[in-house]
Amino acid sequence: FYIEPRIGAMNKLRDSVHSANQVWLREVFIARRQELGLSQRALAEKIGVIYSLIGKIETGDRRLDVVEFILYCQALELDARLIIQQLSENMEVHKG
């Protein structure tokens, strides 16, 4: 069973990297990394990735998939469920 996607359908699914939701998430990650006293390089070592990836995530050049998001949260000692809940609540408030 296949349904032809509507033109522009993907744009509705994927926020711009400059959207309020994406910026909020990056700010949470950056603030927590700094709160823990971790450099981008130290966080990268903790996660097991190259350090330039952290910079790309923090600037919005790179997004995280759900598994990466959970690992990132764990490395920052954040509860991924709580972050998702807060993001979801924020999205509900800003619905058009």
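Helix axes are taken here as lines fitted to C-alpha atoms, over the stretch in contact, and the angle between two of them runs from 0 to 180 degrees between N-to-C directions. On this basis, in a model that is predicted, helices H2 and H4 pack at an angle of about 135°, and their axes lie 8 Å apart. Since angles of 65 to 115 degrees count as roughly perpendicular and those over 145 as roughly antiparallel, H2 is therefore oblique to H4. On the H2 side the contact is formed by Arg26, Ile30 and Arg33, and on the H4 side by Ile57, Glu58 and Thr59. Sorted by class, the residues of this contact of H2 with H4 comprise 3 charged, 2 nonpolar and 1 polar.

Helix H4, which covers residues 51-59, also packs with helix H3, covering residues 40-47; the axes of these two helices come within 8 Å and cross at roughly 110°. The angle is such that H3 is roughly perpendicular to H4, and the crossing in which H3 passes H4 is right-handed. From H3 the contact draws on Gln40, Arg41, Leu43, Ala44 and Ile47, while H4 supplies Tyr51, Ile54, Gly55 and Glu58. In this contact of H3 with H4, 5 residues are nonpolar, 2 are polar and 2 are charged. Glu58 of H4 thus appears both in the contact with H2 and in the contact with H3.

Helix H2 also contains valine 28. When residues up to four places away in sequence are not counted, valine 28 touches Leu78 and Ile83. The second of these partners, isoleucine 83, is 55 residues away from valine 28 along the chain, yet the C-alpha atoms of the two residues are separated by 8.8 Å.

The search for open space in the model gave a largest pocket that holds about 400 Å³. This pocket is lined by 20 residues, of which Gln22, Leu25, Leu64, Phe69 and Leu87 are the closest to its centre. Two or more lining residues are contributed by each of helix H2 (20-35), helix H5 (66-75) and helix H6 (80-93). As to the character of the lining of the largest pocket, 11 residues are nonpolar, 5 are charged and 4 are polar. Helix H2 accordingly takes part in the lining of the largest pocket as well as in the packing against H4, the latter through Arg26, Ile30 and Arg33.

Note on methods:
Residues numbered from 1 in each chain as written. Predicted model: local features only at pLDDT ≥ 70, side-chain atom pairs only at ≥ 80, totals over all residues. Heavy atoms only, no water. 1 Å grid on protein atoms, 1.4 Å probe; cavity = no way out; pocket = protein on both sides within 12 Å on 5 of 7 lines; lining within 4 Å. Points joined across faces, edges and corners; volume = space filled by probe spheres on them. Helix = DSSP H or I, 4+ residues; strand = E, 2+ residues; numbered from the N terminus. Nonpolar A, V, L, I, M, F, W, Y, C, P; charged D, E, K, R; others polar. Parallel < 35°, antiparallel > 145°, perpendicular 65-115°, else oblique. Left-handed = near helix turned anticlockwise from the far one by under 90°. Contact = heavy atoms within 4.5 Å.
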